[in-house]
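Colleague: I should like to go through the assignments in this model one by one. Please set each value against its criterion.

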Amino acid sequence: MIALEKEIKIANNIVDTIGNTPLVKLNRLFNNSTYNVYGKLELSNPSGSVKDRTSMFILLEALNNGKIQPGHTIIESSSGNMALGLAQACLYFNLKLIVVVDPHINRHTEKLLLTYGAKIEYVQTPNEKGGYLAARLEKVQQLLKQIPNSYWSNQYGNPNNPLAHQNTITEILNSLNGKVDYLFMAVSTCGTIMGCADYISENNIETKIIAVDAKGSVLFGGLPEKRIIPGHGASVRSQFLDTSKLWDHMEVSDLDCVRGCWSLLKEEGILCGGSTGGVISAIKKYEAHIPDNSNCVLLLSDRGDRYLDTIYNKDWLATKIEGVKNVLYPIGGW
């Protein structure tokens, strides 16, 4: 029989269950390493990802400042976790939600959004210069003009996006008594990484932040290329990114993401999304630069169940991810 060592607290509402996620030491996946790796279990947030923090903080600030009221309409461009975080938060705060998506939306996510009561607007044609993201943002502006009492939560430029993650980095530092040598983070809007980076810079903390970007993303000046795995990378430059506050950055391929996801599942029993898999692979690639006994932290950013038809589907992998059969041996084999 397992004894309960800590008192189980009762939350007043679903909002109070967001954050304060535990760290999990990844002993098996990095068992031959001379450094420690800890994953922050952001998938345990109520809608399943780190974007619960962002969504709730942005809406709370807007409500407290009188920018929105119950019954108003929130509009956002997102094909993934931000949309789900907003959908749950909007239900709780009695707000309507319109999510602008493109054809790359995960069908499981689409079903979840509809179940939460969100309205979905589809963009079918990419912008010539900025791809689908630019096209989605154009659609957001059109909707804002058409719909009375509408508000753009704007995960791409709202300063409350990075501010939401001052708590994230504080929790990480407190969990390891301040000894966090490396923080590896996937990047897209860059709100999460810059919220952590701003706090580290302002408080003169020695933690080194390594950004993990998708191959084919333009965030660090690269040329746009086709990307398959969602959740990281961008076809438009970030309004938040300040590279002077980062120690280094890396690129990972779609194959790296898939390999990382499956290794995390097989070794640790943790089912995560594609960006987390990319960070797992990035740490492995970076290990020659990590001193002995360092503490490394990454975010286990979202649940993997919404990727069962893609990353965790052997037939999909075989047709979409080049070279996957030569390097990957999923549970159950091929």
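Modeller: Strand β7 (residues 182-186), helix α7 (residues 191-202) and strand β8 make a right-handed β-α-β unit. The model is predicted, so local features need pLDDT of at least 70 and side-chain atom pairs pLDDT 80 or more, while totals for chains, interfaces and linings use all residues. Residues are numbered from 1 along each chain as its sequence is written, and side-chain values use heavy atoms, without hydrogens and water.

Colleague: What makes the β-α-β unit right-handed?

Modeller: A crossover is right-handed if, with the strands pointing away from the viewer, the path from the first strand over the helix to the second runs clockwise. Strands (E, at least two residues) and helices (H or I, at least four) are DSSP runs, numbered from the N terminus.

Colleague: How do you know that β7 and β8 pair?

Modeller: Two strands pair if DSSP finds at least two bridges between them. β7 and β8 have 5 bridges in the parallel sense, with Tyr182 opposite Lys208. β8 and β9 (residues 248-252) also pair in the parallel sense, over 5 bridges; among the partners are Ile210 and Asp248, and Ala211 and His249.

Colleague: Why does one side of β9 lack a neighbour in the sheet?

Modeller: The open sheet has 6 strands in the order β1-β2-β10-β7-β8-β9, with mixed pairing. β1 (23-25) and β9 stand at the edges with a single partner strand each, so one side of each is left without a neighbour.

Colleague: Why is β8 called mostly covered?

Modeller: Buried means under 20% relative accessible area, exposed over 50%, and partly exposed in between (1.4 Å probe, protein chains only). In β8 (residues 208-214), 6 of the 7 residues are buried.

Colleague: Why is the pair of Tyr182 and Tyr286 called edge-to-face?

Modeller: Rings of Phe, Tyr and Trp (its six-membered ring) pair if their centres lie within 6.5 Å; planes under 30 degrees apart count as stacked, over 60 as edge-to-face and the rest as tilted. For Tyr182 and Tyr286 the values are 6.4 Å centre to centre and 65° between the planes, hence an edge-to-face pair. Tyr182 lies in β7 and Tyr286 in helix α9 (residues 274-286), so the pair ties together parts 104 residues apart in sequence. Both residues, Tyr182 and Tyr286, are buried.

Colleague: What places Lys208 over the face of Tyr182?

Modeller: The rule asks for NZ of Lys or CZ of Arg within 6 Å of the ring centre and within 35 degrees of the ring normal. Lys208 lies over the face of Tyr182 at 5.7 Å from the ring centre.
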